[in-house]
Amino acid sequence: MTEQRDIVIAGGGMVGISLALELGRLLPATSRITLVEGFTLPPPASSAPDYHPSFDARSTALSYSSQLIYQAMGLWPALQRWLCPISTIHVSSRGHFGSTLLRAADYGWQALGHVVENPWLGQTLLHALRGQGRVELLNPAQVVAATAVSGGVDLALEGTTPARLHTALLVVADGADSGLRQGLGVSSSEKTYRQHALICNIATAQPHSGCAFERFTDEGPLALLPLLPAAGSSNRSALVWTLPPERAESLLGCTDDKFLAALQQRFGYRLGRLLQAGARQAYPLSLRHCEEQVRAGVVVMGNAAHALHPVAGQGFNLALRDIAALGRVLAPAVAAGASPGSLSVLQRYREHQREDQLRTIQFSDRLPALFMHSDPMLALARDLALSGLDWAAPLKRAFVEHAAGLEATRG
Ligand SMILES: Cc1cc2nc3c(=O)[nH]c(=O)nc-3n(C[C@H](O)[C@H](O)[C@H](O)COP(=O)(O)OP(=O)(O)OC[C@H]3O[C@@H](n4cnc5c(N)ncnc54)[C@H](O)[C@@H]3O)c2cc1C
C-alpha cells in the first residue's frame, strides 16, 4: 500500500537534518514531513555521538551567516557548548613573503566564525529533531527509487514500512554521489581537483588563542582550525591538509612521528611543536554542481546540489543559506494552500539562491588555484595582494564579509 506525505527528505546528513528542523519549525502542523536516513543513527538515550558518514571526525567552520540561521532556528544555545570561536585568521603563503591577519575585533565582531566537531553538531541536531517531534524519522531506511508522477513523486523504500510513499515534494539530500539525483536523470558537472583533503585533530605545544591558520603551499592549502580543549589535550586544532592523492595516501599510512614531522615542516612553529595526531582520514576533492536543482515535486540540496573545495569552509554554510531560503519560500506558499512541490514555488527558491551559490562556488574554486599557480608574475601579484591586505582595509573587509556569508544575508 502507498502512503501519502507532503515532504520526504532523502538523506539525514548535516543538510537533511537541518532542513527537517527548519521545515518542522516553519510549516503548518498539517504538513506531513518525513526524513529518511540510511545509516543507523544513535538511539535517543545515547550521550556520545556515534560514527556517521556526515558527522564523522571532521570539524566544520560555521560562518556568521550560519550563526544567524541557527539562532533563528533556536539551536544556537544548544550548540554553543561545542563551539570554539575564531577570533583571528592568519593567512600566509609558504616560501613567499605575503601574510595577513584578520581580526574579529577590527570589525566589531565577537568572532569571525565558530568551529564545531561534526559528531557534536550531529548529536545536537538529532537531539533537537527528536525533541521537536514534528518530523517522522525513518531510520535505518533508504530511498531506493524515485519516479516522477502526477502531483509529486513515488518512492520505493528499503529497510522500513511503508515500503512505498507518494510525496508532493522529494528533497534529494543524499550527498555528493547522489544516487537519487542520477536516478531522476538530473545532470551535474564535475571537475576533479586531483587532490585529497587529509583531516585529523592535532595537539600542539602552544595554545591557538582562537586563531585559525590558513597556509597556502605549492602542494595545496593547509588549514588548522581552533578546537575546544578535550580530555587529555588542552591545545587542539583541526587539520585540513589538501595534498596530491599519492602524497595523501603515504601520509595516511605512515607513523604518527613521521606524519607530525612532515606537517611541522609544512606548517612551521606558529603553534610550537606539534605533539600528537588523532585518527587520519582523506577525502577526494572535486567541484560538483548541479544546474537543474528544481523540478515539479523535486528539489536537490546540499552536496547533492553543490560539493565544493573545503579550502574556504563554505560548503555547509552555503547549504544552510539554501535551507533558510527554501523555508522562507515554502512556508507562506504552503500556508496559502500551494503544494510544496509546485514548480513555480520551487523556482522562486532557485532564483533566490542562484547568485549566492555561483558567488560561493567561484570563491571556493579560485582561491586554491590562485595560490598553487606557478606563474612567477601571478605569484608576485598574489604575495603583494596578501601583504597588501594589511593596508587595503576595504579589500580585507570584502574578503571577511564574503567568508562570513554576509553578502548573501543582506541579499
Ligand atoms: C574535509 C572537509 C572539510 C569541510 N569543512 C567545511 C567547513 O569548515 N565549513 C563548511 O561550511 N563546509 C565544510 N565542508 C563541507 C561539508 O562537509 C558538506 O557541505 C556537508 O557534509 C554536506 O552534507 P550533506 O548532508 O549534503 O551530505 P552528506 O554529508 O554526504 O550526507 C548525506 C546523507 O544521506 C544519506 N543517504 C545517502 N543515500 C541515501 C538514500 N538513498 N536514502 C537515505 N539516506 C541516504 C547518507 O547516509 C548521509 O547521511 C567540508 C568538507 C570536507 C570534505
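**A walk through a predicted model**

Leaving aside residues up to four places away in sequence, histidine 208 touches Pro226, Asn235, Ser237 and Leu271. The model in which these contacts appear is a predicted one, and histidine 208 can serve as a starting point for reading it. Histidine 208 lies in the loop between E12 and strand E13, the latter spanning 211-217. Is histidine 208 buried or exposed? Histidine 208 counts as buried because 22 C-beta neighbours lie inside 10 Å, and the cut-off for that label is 20 or more. The chain also brings arginine 236 into this picture, for histidine 208 and arginine 236 are 28 residues apart in sequence, while their C-alpha atoms are 7.6 Å apart in space.

Arginine 164 offers a second place to look, this time in strand E11, which covers residues 164-172. With 13 other C-beta atoms within 10 Å, arginine 164 is partly exposed, since that class lies between the limits of 12 or fewer for exposed and 20 or more for buried. Once residues up to four places away in sequence are set aside, arginine 164 touches Thr2, Asp154, Leu155 and Ala156. How many residues apart in sequence are arginine 164 and glutamate 3? They are separated by 161 residues along the chain, and yet the distance from C-alpha to C-alpha is 6.5 Å.

From single residues we can turn to pairs of helices, beginning with H1 and helix H4, the latter made of residues 118-132. The axes of H1 and H4 are 10 Å apart, and the two helices pack at an angle of about 30°. H1 and H4 are therefore roughly parallel to each other, as angles under 35 degrees are given that description. The crossing in which H1 passes H4 is left-handed. On the H1 side, the contact is made by Met14, Ile17, Ser18, Ala20, Leu21 and Gly24, and on the H4 side by Leu121, Leu125, Leu126, Ala128, Leu129 and Gln132. Sorted by class, the residues of this contact comprise 9 nonpolar, 3 polar and no charged. In reading such lists, it helps to recall that an α-helix has 3.6 residues a turn, so residues three or four places apart point the same way.

A second pair is formed by helix H2, residues 64-72, and helix H8, residues 315-335, whose axes come within 9 Å and cross at roughly 40°. That angle makes H2 oblique to H8, and the crossing of the two is left-handed. Here Ser65, Ser66 and Ile69 of H2 meet Asn317, Leu320, Arg321 and Ala324 of H8, and by class this contact has 3 nonpolar, 3 polar and 1 charged residues. The buried residues of H2 are Tyr64, Ser65, Ser66, Gln67, Ile69 and Tyr70. After H2 comes glycine 74, whose phi is positive, near 80°.

Helix H8 also leads to the ligand, around which there is a shell of 36 residues, the closest being Gly11, Gly13, Gly175, Gly302 and Gly315. Two or more residues of this shell come from each of helix H1 (14-26), strand E3 (59-62), strand E9 (142-149), helix H5 (179-183), strand E12 (189-204) and H8. Which element gives the largest share of the shell around the ligand? That element is H8, with 4 residues. By class, the shell around the ligand holds 17 nonpolar, 16 polar and 3 charged residues.

Technical notes:
Residues are numbered from 1 along each chain as its sequence is written. This is a predicted model: local features need pLDDT of at least 70, side-chain atom pairs count only at pLDDT 80 or more; totals for chains, interfaces and linings use all residues. Axes are lines fitted to C-alpha atoms, for helices over the stretch in contact, and angles run from 0 to 180 degrees between N-to-C directions. Angles under 35 degrees count as roughly parallel, over 145 as roughly antiparallel, 65 to 115 as roughly perpendicular and the rest as oblique. A crossing is left-handed if the near helix is turned anticlockwise from the far one by less than a right angle, and right-handed if clockwise. Two residues are in contact if their C-beta atoms, placed from the backbone, lie within 7 Å. Ala, Val, Leu, Ile, Met, Phe, Trp, Tyr, Cys and Pro count as nonpolar, Asp, Glu, Lys and Arg as charged, and the others, Gly among them, as polar. A residue is near a molecule or strand if its C-beta atom, placed from the backbone, lies within 6 Å of it.
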